[in-house]
Each structure stands twice: as structure tokens, then as C-alpha cells.
Amino acid sequence: MPLAQTGSGAGGLTPILMIALLFGVMYFMMIRPQQKRRREAEQMQSQLGPGDEVVTIGGLYGTVVAVEDDSVLLEVAPGVQTRYARPAIARVTTRAEQPTAEPVSEDAESVKE
């Protein structure tokens, strides 16, 4: 009799382990990647600036003219500007060129003097 009771106790633990394993797999296969995509989208939307060429979630291509707290002003055609919420920007196709300071060489400084 003691052997039969021991076997039934281990059988009750197996379904609980299977459920825990299922939740673990769901977390790593579905929830975690979705959180990563959401963080990347938020970062991209927070880095928008004038001159960036973007695509909205509706498929509209435009150039960022101005950025406000929660909205973006896009120029979709010459002289046509529309306002969109930041989350409506799906991706940035081309970043605006940031002016870079050219390093001054020592030879250039001696010529100035």
C-alpha cells in the first residue's frame, strides 16, 4: 500500500509542472519579444526630428516638419502638412542628416595665425 500512495502523489505534480513549463514557453516566445518591439518603437518615436522621412501605420510617406509632445507634423506633398500622433509613425525610412563639426587639424590652425 505505501508504494501505491507514493506513485499517485508524483502523478499529481506532473500537470502542475506542465502548466508551469507552458507559461514559461509562452513568456519567452510571445510576451518578451512583444515587449522588445514596443520598447524599440517608443525609442524610435522619441528620436523623431525635423527632416526625417517616415511611414505611418496607414502607409502614408512623409517628411517630419515639426515635433511636439505627443504629435508630429508631416509634409506629405509640397505645401501639404498633416498632424499625426507619435504612435502612428511605423518606421523611419531616412534620418535627417545631422550637421557634424569637422575636426580642426593643427596645420589649419597654423595657417590662420
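A residue counts as partly exposed when its relative accessible area lies between the limit for buried, under 20%, and the limit for exposed, over 50%. The legends below apply this scale to a predicted model.

**View 1. The aromatic pair of tyrosine 27 and phenylalanine 28 is edge-to-face.** One aromatic pair is found in a search of the whole structure. The ring centres of tyrosine 27 and phenylalanine 28 are 5.1 Å apart and the ring planes stand at 80 degrees, so the pair is classed as edge-to-face; the cut-off for that class is over 60 degrees. Tyrosine 27 has a relative accessibility of 35% and therefore counts as partly exposed. Phenylalanine 28, with a relative accessible area of 52%, is exposed.

**View 2. Strands β2 and β3 form an antiparallel pair.** Strand β2 covers residues 61-67 and strand β3 covers residues 71-77, and four bridges link the two. The connection from β2 to β3 is a hairpin of three residues. Within this pair, threonine 63 stands opposite glutamate 75 of β3.

**View 3. Strands β3 and β4 are antiparallel and joined by a hairpin.** Six bridges connect β3 with strand β4, which comprises residues 80-85. Two residues lie between the strands of this hairpin. In the turn, glycine 79 adopts a positive phi of about 85 degrees. Glutamate 75, which faces threonine 63, also stands opposite glutamine 81 in β4.

**View 4. Serine 71 is a buried residue of strand β3.** The relative accessible area of serine 71 is 8%, so this residue counts as buried; the limit is under 20%. Leaving aside residues up to four places away in sequence, serine 71 touches Arg83, Tyr84, Ala85 and Arg86. Of these contacts, Ala85 is at the end of the range 80-85 given for β4.

**View 5. The whole chain sets the context for the close-up views, with two helices and five strands.** Along the sequence, the elements follow the pattern α-β-β-β-β-β-α. The protein has 113 residues, of which 15% count as buried. The exposed surface amounts to about 9000 Å², and carbon and sulfur atoms supply 60% of this area. Among contacts between residues at least 6 apart in sequence, 40% join residues at least 24 apart.

Note on methods. Residues numbered from 1 in each chain as written. Predicted model: local features only at pLDDT ≥ 70, side-chain atom pairs only at ≥ 80, totals over all residues. Heavy atoms only, no water. Pairing = 2+ DSSP bridges. Buried < 20%, exposed > 50% of the residue type's maximum accessible area, 1.4 Å probe, protein only. Contact = heavy atoms within 4.5 Å. Areas by Shrake-Rupley, 256 points an atom, 1.4 Å probe, with all protein chains shown as cover. Phe/Tyr/Trp six-rings, centres within 6.5 Å; stacked < 30°, edge-to-face > 60°.
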